[in-house]
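This report examines one protein chain, beginning with a feature of its surface and then turning to a single residue and to the chain as a whole. Please keep the sequence and the structure in view while reading.

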Amino acid sequence: GTSAFEKAFGDANSTVDWAPYLYAAAVTGVFSLVLAAIMFLVMMKIPKFLIKTSLIFVVILSGVWCVIAFIGGNIIGGIIGAVFFLIMMCYARAVWSRIPFATENLITAMTAVKKNCGVVFCSYFFLALAFGWSILWTIALVGIWDDTITCTVNEAGFNVCSEPNYGILFGMFVSYFFTHQVIQNTIHVVVAGVVGTWWFAPDEASSSSCCSAGVCDSMKRALTTSFGSICFGSLIVAIIQALRALANSARANDDGNAILVCIAECILQCLESIVEYFNKWAFIYVGLYGYPYLEAGKNVFTLFKNRGWEAIIADDLVSNTLFFVSVVVGGLAGAVGLILSKTTDWFEQAASNGEAASFTLGFVIGLVLTSIAMSAIASGVNAVIVLFAEAPAEFEQNHPERSQKMRETWGATYPGCM
C-alpha cells in the first residue's frame, strides 16, 4: 500500500540530492541513443572487422581474468581462467573461417531492421513497460515483506528476523520473472515477424516511415494469436528462475543444507540457460509462421539436426559483436558522464565520489540502451539463420543481391553444400 511506497521511496529526510544524477542520466541517455544509431551505420560499413575485433576482445577478456586472479593470489581462479583462455583461443581459431558467413547474416538482419526501424522503438516501449513493472513489483514486495517478516532485538542486542514465507516469495518471483520473460519474448517474436515479412513480402516491410505494415502486423500477431505461445514458453523459464531465486534466498539465510542448496542452484542455472537458448529459437518460428509453442520446439530440433553447430556459431559470433558494440557505447557514455562531473558543478554536493558515480551512471545507461537497440538486430540474425535454411528460394527471388552474397560465403565455408 501507500506505507510500502513511502518506505521504499519516501524518505523526506534524505540528504541525497538526486538532481545531478537526473541531469547526467538525461545527457548520457541522449548521447547513447545518438551513438547507438551511429554504431548501427558503422556496423553496416565494417561488419567483418567488428566481428573479428569482438572475438579477439572475448579472448583478451578471458586472459585478463586469468592474470588478475594470479596477481590477486587466487590460484584456483587463475587456473580456471587459464583453462578458459585456452578454450577461447581454440574456439577463435576454429570459427575464424566462419566469420564471412556470420558477417553476411549480420548485414542481412541489419538491412531488414533498417527498412523497419519501428521495431527498435517497439523495443524501447517494452523496456519502459518492464521498468514500470519492476517498480510496481518492488513496492509490492516491500509491503509483503513488511507484513510477513517480524524482527526483534534479542538479549545480546542483535536484530533477529523471522524466516520468510517461501511460498509467497515463490509466487512473487514467478510473477516478476514471468512478466519480464513475456516482454522480452514478445520483442523477439515481433522482430522475427518483421524479418519474415521482409523476406517473403518486401513491399509490406519497407516504408519511409518507422511503422511499416510489417511492423504493425507483427505486433498485432504477437499480442493476439501468438500471445498464448509466448506466455507458455515464458512461464517455463519463469518457474525455473523463481526456483533458482528461492534457492539463492535460502542459501543467503542459511536455511537447509548449504551444499545441497548450492547444487540445486547450479542445476537450475544450467536448466535456465538451456531453456532460454531453446526458447530463443522456438520463438523465431512462432514469429515467422505463427506456430504453437510445442510445434515451434519440434522445428528447432529439426533446425539443429540439419544445420547443427553452424547456427550456434553464427549466432554466437554476432552476439559477441553486439555485446562489444554495447560495451564501447557504454564506455563512451561513461566518459561523457566523467566529463560532466569535471566541467559542471552538478556533483559538487554529491555524498559519494562524483566522478566515479557519473562514469558508472553513464556506462550503465549507455550499455542498457544500446543493448536494447542491438537486441532487435540479434533477433533479426536468428530469424535470418532460420529463413536461409528453410526458404532460400524466396530469398533469391525477393533479395537476389543479398541472397547471392550469403550463398557465396556459405559455399566458400562449406564447399559442395549448396
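## A nonpolar surface patch

I56, I60, V64, I68 and W96 together make a nonpolar patch of about 450 Å² on the surface. The model is a predicted one.

One member of the patch, I68, belongs to helix α3, which covers residues 47-71. Is I68 buried or exposed? The relative accessible area of I68 is 55%, and a residue counts as exposed when this value is over 50%; I68 is therefore exposed.

## A buried threonine

T197 lies in helix α7, which spans residues 166-200. The relative accessible area of T197 is 12%, and the limit for a buried residue is under 20%, so T197 is classed as buried.

Which residues does T197 touch, leaving aside those up to four places away in sequence? The residues in question are P202, E204, A205, G214, S218 and R221. Within its own surroundings in sequence, a polar atom of the T197 side chain is 2.9 Å from the backbone oxygen of G193.

## The chain as a whole

The chain contains 15 helices and 2 strands. Of its 418 residues, 44% are buried.

Among contacts in the chain with a separation of 6 or more, 78% join residues that are 24 or more positions apart. The chain has an accessible surface of about 21,300 Å², and carbon and sulfur atoms contribute 68% of this area.

Methods: Residues are numbered from 1 along each chain as its sequence is written. This is a predicted model: local features need pLDDT of at least 70, side-chain atom pairs count only at pLDDT 80 or more; totals for chains, interfaces and linings use all residues. Side-chain values use heavy atoms; hydrogens and water are left out. Helices (H or I, at least four residues) and strands (E, at least two) are DSSP runs, numbered from the N terminus. Buried means under 20% relative accessible area, exposed over 50%, partly exposed in between (1.4 Å probe, protein chains only). Contact means heavy atoms within 4.5 Å. Accessible areas come from the Shrake-Rupley method with a 1.4 Å probe; for residues, only the protein chains shown count as cover. Patches are made of residues with over 30% relative accessible area and no salt bridge: like charges are joined within 9 Å, nonpolar side chains (Val, Leu, Ile, Met, Phe, Trp, Tyr) within 5 Å. A salt bridge is a side-chain nitrogen of Lys or Arg within 4 Å of a carboxyl oxygen of Asp or Glu. A polar contact is a pair of N or O atoms within 3.5 Å; within protein, one must be able to donate a hydrogen and the other to accept it, and residues adjacent in sequence count only if both atoms are side-chain atoms.
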